[in-house]
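Q: Please take a close look at the sheet in this model. I would like to know how its strands are arranged and what lies against them.

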Amino acid sequence: MCSVSRVKPVQRVLALSLCLRTKARGSSCAAAQNKLLCPGVTTGSLPLQAGCRSYCSRMALGEGLFFRQLFESVSSTYTYLLADRETREAIIIDPVLETVDRDVKLIDELGLTLKLAVNTHCHADHITSTGLLKKRLVGLKSAISRFSGASADVLLSEGDKIAFGKHHVTVRETPGHTDGCVTLVTGDQSMAFTGDALLIRGCGRTDFQQGCPKRLYESVHQKIFTLPNQCLIYPAHDYKGQTVSTVGEERRFNPRLTKNLEEFVDIMNNLNLPKPAKIDIAVPANLVCGLHEV
């Protein structure tokens with residue numbers, strides 16, 4: 001059963017070593033020597049059988065963990081599906097209204113039982129499909145940060161564990177883009193779903209929805225950059241075709257977050273970006289699980 005348990009806030013941890021071997025019908029990806037394996041579409045006769053994937057990064061480090069990264073092109077949003085291969089219990093992260101049929105079909109094809117739909121924050125650029133998913137999938141519950149101001153079945157706090165089968169992700173509060181931003185970290189700290197707090201070579205903007213550059217800077221440095229360097233970063237969006245990064249890469253190469261706090265605040269206060277096209281309909285809808293005038 002998928003459940004959310006309360007634990008003490010996550011503490012700083014030492015970097016964990018990663019296993020660089022994966023079984024794919026007797027073969028392994030050549031990229032393993034670079035500490036990256038080839039993810040993509042699972043191969044083999046069984047829907048949830050592990051395999052070598054089509055672009056270079058490790059998608060599922062935990063034994064028995066199924067993982068799929070999905071994309072919505074209009075808002076450049078990533079949706080993530082995680083499941084226990086044995087029990088078939090699953091969670092979905094940041095589902096999008098326009099792709100609800102695709103996601104329901106995939107869940108049905110793979111024989112998964114979706115237990116929880118989690119939004120990393122109250123999005124301003126798209127409407128979540130959480131509400132419609134709940135109407136179509138019996139027993140599904142919604143989850144979002146207790147600081148988001150949104151309604152949901154489960155209101156998440158720092159250190160909460162979201163369990164599905166024998167796996168879980170742990171909640172780290174990472175406000176700054178909005179008050180209700182969270183990052184979800186797998187139990188072995190091999191993967192982090194950072195929402196809009198940390199993007200690949202970027203970060204979420206801080207000029208609306210309780211945005212605060214100082215809080216965002218502190219959130220990323222204290223809650224995400226303290227994860228192991230090899231931890232894979234999966235953001236809520238990417239606008240340049242990038243699919244994944246690592247903590248180590250972002251600590252070295254992120255053009256904003258490698259600056260000191262004062263420089264970062266200055267950058268964020270002078271982005272001069274247009275407001276998201278859907279903000280006036282997306283935010284009210286997402287405050288009620290995506291069911292506003294849908």
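A: What follows goes through the sheet strand by strand, after a word on confidence.

The model is predicted. Its chain averages a pLDDT of 85, and 79% of the residues score at least 70. Residues 8–47 are a stretch where the pLDDT is below 50, although the model gives this stretch 86 contacts beyond near neighbours in sequence. Residues 49–61 also stay under 50 in pLDDT, with 65 contacts beyond four places in sequence.

Now the sheet itself. Six strands form an open sheet, in the order β2-β3-β4-β5-β6-β7, and the pairing is mixed. At the edges are β2, covering residues 65–72, and β7, covering 154–156; each of these pairs on one side only. From one strand to the next, the twist averages 20°.

Helix α1, made of residues 100–109, packs on this sheet. The helix touches four strands, namely β2, β3 (77–84), β4 and β5, and its direction makes about 160° with that of β2.

Consider next the run of pairs from β4 to β7. Strand β4 is residues 89–93 and strand β5 is residues 113–118; the two pair in the parallel sense over five bridges. Within this pairing, I93 has V118 of β5 as its bridge partner.

Strand β5 also pairs with β6, again in the parallel sense, over three bridges. Here A117 stands opposite S142 in β6. The connection between these strands involves helix α2, residues 130–136: β5, α2 and β6 make a β-α-β unit that is right-handed.

Strand β6 then pairs with β7, in the parallel sense and over three bridges. In this case S145 stands opposite L156 in β7.

Why can β6 be called largely enclosed by the rest of the structure? The strand has five residues, 141–145, and four of them are buried, so the rest of the structure largely encloses it. A residue counts as buried when its relative accessible area is under 20%.

The sheet also has a part in the nonpolar interior. The largest nonpolar core has 23 residues. Those with the most contacts inside this core are Y80, L82, I162, L184, F193 and Y234. Strand β3 supplies the largest share of the core, three residues.

To put the sheet together again: β2 and β7 are the edge strands, helix α1 packs on the sheet, and β6 is largely enclosed by the rest of the structure, because four of its five residues are buried.

Definitions and conventions: Residues are numbered from 1 along each chain as its sequence is written. This is a predicted model: local features need pLDDT of at least 70, side-chain atom pairs count only at pLDDT 80 or more; totals for chains, interfaces and linings use all residues. Side-chain values use heavy atoms; hydrogens and water are left out. pLDDT is the predictor's confidence in each residue, from 0 to 100. Contact means heavy atoms within 4.5 Å. Two strands pair if DSSP finds at least two bridges between them. Axes are lines fitted to C-alpha atoms, for helices over the stretch in contact, and angles run from 0 to 180 degrees between N-to-C directions. A nonpolar core is a set of buried Ala, Val, Leu, Ile, Met, Phe, Trp, Tyr and Cys residues joined through side-chain atoms within 4.5 Å. Buried means under 20% relative accessible area, exposed over 50%, partly exposed in between (1.4 Å probe, protein chains only). A crossover is right-handed if, with the strands pointing away from the viewer, the path from the first strand over the helix to the second runs clockwise.
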